[in-house]
Amino acid sequence: MTISIQHFPDAFRSCGPCPGSELMDQLSQQADNGSGIVEFETFKSMVIDNAHLVDGIEADTLSAFSVFDRDDDGTNMAQECKHVFTAIGDVLDDEEASELIIEAEPNPKGRFQYGALVDKILRL
């Protein structure tokens, strides 16, 4: 069994570890033996070796959202978060950010429970 190098990042992330773009590029280069194909045993051992990338991800994600929780009530402003999603770090395009905000289910005032969003994201 093999995995095409172009599908490697999606396959890798579907197993749990969620490295950022730069680390994912490094892992893809490491996995590619020049043929554009990753052997399953190589893939499996890379997932196992990088399982630590999952540790603490929920707490880290909640902590990141809490920075924007001005009222300390577990909510964020949807528009403010959309701006952050499209401007900082591994940025999303406008359509992706809009889809994420829709998943957040903001209330009529534009606020959403970020803990519920984090649960949805991590349970995908």
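How many aromatic pairs does the structure hold? The count comes to 6, and a couple of those pairs make good stops on this tour. One thing before you start clicking: what you have open is a predicted model.

**Zoom out first**

Show the protein chain as a cartoon. You should find 7 helices and 4 strands. Walking from the N terminus, the elements come in the order β-α-α-β-α-α-β-α-α-β-α. Fit a box to the C-alpha atoms along the principal axes and you get roughly 50 × 25 × 20 Å. If you colour by relative accessibility, 27% of the 124 residues come out as buried.

**Stop 1: F8 and F43**

Back to the rings. Select F8 and F43 and show their side chains. The ring centres sit 5.9 Å apart with the planes at 85°, so this pair is edge-to-face. Now look at where the two come from: F8 belongs to helix α1 (residues 8–14) and F43 to helix α3 (residues 40–49), so the contact ties together parts 35 residues apart in sequence.

Buried or exposed: which is F8? F8 has 0% relative accessibility, so it counts as buried. F43 gets 6% and counts as buried too.

Next, widen the selection to F8, F12, F40 and F43. Ring pairs link these residues into a cluster, so keep the sticks on while you rotate the view.

**Stop 2: F65 and F112**

Move on to F65 and F112, an aromatic pair that is also edge-to-face, at 6.2 Å centre to centre and 90° between the planes. This pair links distant parts of the chain, with F65 in helix α4 (residues 57–66) and F112 in strand β4 (residues 111–113), 47 residues apart. Check the accessibility of each partner: F65 is buried at 8%, and F112 is buried at 1%.

**Stop 3: salt bridges**

Time to switch to charged side chains. How many salt bridges does a search of the whole structure find? It finds 6.

Pick E80 and R70. Their side chains meet in a salt bridge with an N to O distance of 2.8 Å. E80 is in helix α5 (residues 78–87), while R70 is in the loop between α4 and β3 (75–77), 10 residues apart. The two partners fall into separate accessibility classes: E80 counts as partly exposed at 22%, and R70 is exposed at 67%.

Stay with that loop and select D71, then add R111. These side chains form a salt bridge at 3.9 Å, N to O. D71 sits in the loop between α4 and β3 and R111 in strand β4, so to speak bridging parts of the chain 40 residues apart. Here D71 is exposed, with a relative accessible area of 53%, whereas R111 counts as buried at 17%.

Now select K82 and D94, whose side chains meet at 3.3 Å, N to O, in a salt bridge. K82 lies in helix α5 and D94 in helix α6, so the pair ties together parts 12 residues apart in sequence. Why does K82 count as buried? Its relative accessibility is 17%, and buried means under 20%.

To finish with the salt bridges, select E103, E105 and K120. Salt bridges with shared partners join these residues into one network.

**Stop 4: a patch of negative charge**

Turn on the surface and colour by charge. Which residues gather in a patch of negative charge there? They are D93, E95, E96 and E99. Centre on E95, which is placed in helix α6 (residues 94–104). E95 is exposed, with 56% relative accessible area.

**Last stop: G16**

End at G16, found in the loop between α1 and α2 (21–31). This glycine counts as partly exposed, at 27% relative accessibility. For a final distance check, draw a line from the C-alpha atom of G16 to that of T42: the two are separated by 16 Å and lie 26 residues apart along the chain.

Technical notes
Residues are numbered from 1 along each chain as its sequence is written. This is a predicted model: local features need pLDDT of at least 70, side-chain atom pairs count only at pLDDT 80 or more; totals for chains, interfaces and linings use all residues. Side-chain values use heavy atoms; hydrogens and water are left out. Patches are made of residues with over 30% relative accessible area and no salt bridge: like charges are joined within 9 Å, nonpolar side chains (Val, Leu, Ile, Met, Phe, Trp, Tyr) within 5 Å. Accessible areas come from the Shrake-Rupley method with a 1.4 Å probe; for residues, only the protein chains shown count as cover. A salt bridge is a side-chain nitrogen of Lys or Arg within 4 Å of a carboxyl oxygen of Asp or Glu. Lys and Arg count as positive and Asp and Glu as negative; His and the chain ends are not counted. The place of a charge is taken as NZ of Lys, CZ of Arg, CG of Asp or CD of Glu. Buried means under 20% relative accessible area, exposed over 50%, partly exposed in between (1.4 Å probe, protein chains only). Rings of Phe, Tyr and Trp (its six-membered ring) pair if their centres lie within 6.5 Å; planes under 30 degrees apart count as stacked, over 60 as edge-to-face and the rest as tilted.
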